[in-house]
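Thanks for coming. I will go through one structure this morning, taking sheets and helices in turn, and finish with a few local details.

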Amino acid sequence: MALSLAAVATFTFSYFTDAHAKEPQKEVPGKAKNVILFVGDGMGAAHRNAIRLATVGQKGELAMNDMPYTGMVHTSSTSTVTDSAAAATAMAAGVKTYNGAISINTSKKPVKTVLESAKEQGKSTGLVTTSQVTDATPGAFGAHVNDRKSQSDIAKQYIENSKVDVILGGGEDYWYPKGQAGAYQDHPPEDPTEASKGTQGNLVNKAKKLGYSYVTNAKELKKANNQKLLGLFANEEMFQQRPEGQGDIYDPVVSLPDMTKKAIDTLSKNKKGFFLMVEQEATDEMSHVNNAKQMIKAGDQLDKAVKEAKAFAKKHPDTLVLVAADHETGGLAIEDTDNKDESGDGISKEDGPFNVAHSKNQFMIDWTRTEHTADDVPLTAMGSGAQLFSGTYENTHIHDALLKAMGIKS
């Protein structure tokens with residue numbers, strides 16, 4: 001019998017909260033010197049479970065789930081269903097705002113972000129994503145604009161105002177003016193619509209003058225040793241989001257785990273600590289096109305990035321690691337492999353079957369829509385201050401708890 005979405009969400013929440021019930025939930029004393037916040041964009045409870053089943057199986061556990069503290073997060077903005085900009089603003093700045101806003105309130109006034117607060121404490125800061133580095137989620141941590149589409153304005157604020165130390169991801173097109181291609185050619189075969197479109201001049205040159213090392217591929221990233229680092233690895237997102245079999249590609253030129261490790265290695269040179277936000281955008285974009293195969297692949301890469309953070313935290317117990325989501329996308333449900341399909345046709349047909357790792361079992365993924373939902377999303381946490389994230393709460397609580405964990409007064 002197929003499981004309903006509500007049943008899957010209820011089961012998965014129970015799974016998260018009960019999985020480590022027998023393990024002692026030890027509080028790590030002291031303030032969080034370092035914070036590593038992962039955002040699986042669009043990654044609801046059922047997404048996590050689908051990734052788990054496909055990659056480690058029914059008896060296995062994801063690195064992102066294997067943490068002692070769990071929360072469930074309400075995701076609405078001033079609208080019932082949020083977008084990524086308002087959701088990221090809630091997490092980064094602690095205010096509910098309108099969809100499309102980047103760390104401004106409903107009166108369009110800038111609100112200080114947790115990244116900016118960490119910077120004021122002398123910590124190094126970083127933003128890593130498989131999307132454009134100036135997209136909604138990273139943008140809300142390091143910039144303030146009325147409209148998330150103002151991506152060149154966001155880039156300019158990163159290097160001039162919030163002075164983010166490490167910036168790694170895609171979106172080169174917003175750093176170069178129209179007609180001036182960077183390392184990635186305009187109008188590439190995989191997507192001829194992509195081309196430089198910056199509105200603030202040559203921001204790569206500006207970044208270099210401000211002391212950033214600029215890298216464009218894995219080899220250059222590996223060699224870079226500057227504590228101020230800008231890496232742009234694609235015109236737009238670091239993947240191509242399309243329905244399955246229609247040009248969908250998830251094969252970034254630099255992997256999310258590698259970007260995460262480099263960011264940690266670079267930022268951790270600061271004796272005062274660091275704040276790092278790492279986003280997997282493809283979990284959202286692939287869900288928008290109901291592409292379960294690539295969503296699972298992206299989720300697996302996110303989990304590998306979390307492993308890098310946990311390895312660092314094991315050696316540095318004054319580190320807080322948490323894995324969150326801004327909202328759920330696609331109304332995903334995990335179902336049995338029967339002949340019923342309640343979702344219709346087109347891209348919303350059932351996906352699968354998918355093999356459950358290390359078993360003969362299989363499952364289907366069904367989608368109810370191609371947009372966001374208002375579902376609660378799970379959050380898992382470990383390390384200094386992780387206990388602050390237990391329970392059920394609004395997404396604005398994440399901002400407040402992060403400041404408290406770092407010992408920063410709001």
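Strand E10 and strand E12, residues 362–366, are joined by three bridges and run antiparallel. To pick out one residue pair, isoleucine 334 has isoleucine 365 in E12 as its bridge partner. Before going further, note that this is a predicted model.

As background, strands of a sheet pair through backbone hydrogen bonds, in either a parallel or an antiparallel way. Here E10 and E12 belong to an open sheet of three strands, ordered E10-E12-E11, with antiparallel pairing. Which strands stand at the edges? They are E10, residues 333–335, and E11, residues 351–355; each has a single partner strand, so one side of each has no neighbour in the sheet. From one strand to the next, the twist averages 30 degrees. Helix H11 packs on this sheet, where it touches E11 and E12, and its direction makes about 45 degrees with that of E11.

While we are at E11, look at proline 353, which is found in that strand. The peptide bond leading from glycine 352 to proline 353 is cis, and its omega is near 5 degrees. For context, most peptide bonds are trans, and most residues other than glycine have a negative phi. Lysine 108 is not a glycine, yet has a positive phi of about 65 degrees. You will find lysine 108 in the loop between helix H3, residues 84–93, and helix H4, residues 114–120.

Now back to H11, residues 292–315, and its helix partners. Two packed helices are described by the angle between their axes and the distance between those axes. With helix H9, residues 256–267, the packing angle is about 25 degrees and the axes are 8 Å apart. That makes H9 roughly parallel to H11, and their crossing is right-handed. On the H9 side the contact is made by Leu256, Pro257, Thr260, Lys261 and Ile264, and on the H11 side the residues include Leu302, Ala305 and Phe312. Sorted by class, this contact has seven nonpolar, two polar and three charged residues.

How does helix H2, residues 45–55, cross H11? The angle is roughly 85 degrees, and the axes come within 9 Å. H2 and H11 are therefore roughly perpendicular to each other. His47, Ala50, Ile51, Ala54 and Thr55 of H2 meet Met295, Ile296, Gly299 and Asp300 of H11. The classes in this contact are five nonpolar, three polar and one charged.

H2 also leads us to another sheet, since H2 lies across E8 and E14, running at about 65 degrees to E14. That sheet is open and has ten strands, in the order E5-E6-E4-E3-E7-E1-E8-E14-E2-E15, with mixed pairing. Its edge strands are E5, residues 213–215, and E15, residues 391–394, and each pairs on one side only. The twist from one strand to the next averages 15 degrees. Within the sheet, E8, residues 319–324, pairs with E14, residues 377–383, in the antiparallel sense over four bridges. Leucine 322 has alanine 381 in E14 as its bridge partner.

Last, the aromatic residues. How many aromatic pairs does the structure hold? There are four. In one pair, the ring centres of phenylalanine 274 and phenylalanine 312 are 5.7 Å apart and the planes are at 55 degrees, so the pair is tilted. Phenylalanine 274 is in strand E7, residues 274–280, and phenylalanine 312 is in helix H11, so the pair links distant parts of the chain, 38 residues apart.

Technical notes: Residues numbered from 1 in each chain as written. Predicted model: local features only at pLDDT ≥ 70, side-chain atom pairs only at ≥ 80, totals over all residues. Heavy atoms only, no water. Axes fitted to C-alpha atoms, helices over the stretch in contact; angles between N-to-C directions. Helix = DSSP H or I, 4+ residues; strand = E, 2+ residues; numbered from the N terminus. Parallel < 35°, antiparallel > 145°, perpendicular 65-115°, else oblique. Left-handed = near helix turned anticlockwise from the far one by under 90°. Contact = heavy atoms within 4.5 Å. Nonpolar A, V, L, I, M, F, W, Y, C, P; charged D, E, K, R; others polar. Pairing = 2+ DSSP bridges. Phe/Tyr/Trp six-rings, centres within 6.5 Å; stacked < 30°, edge-to-face > 60°.
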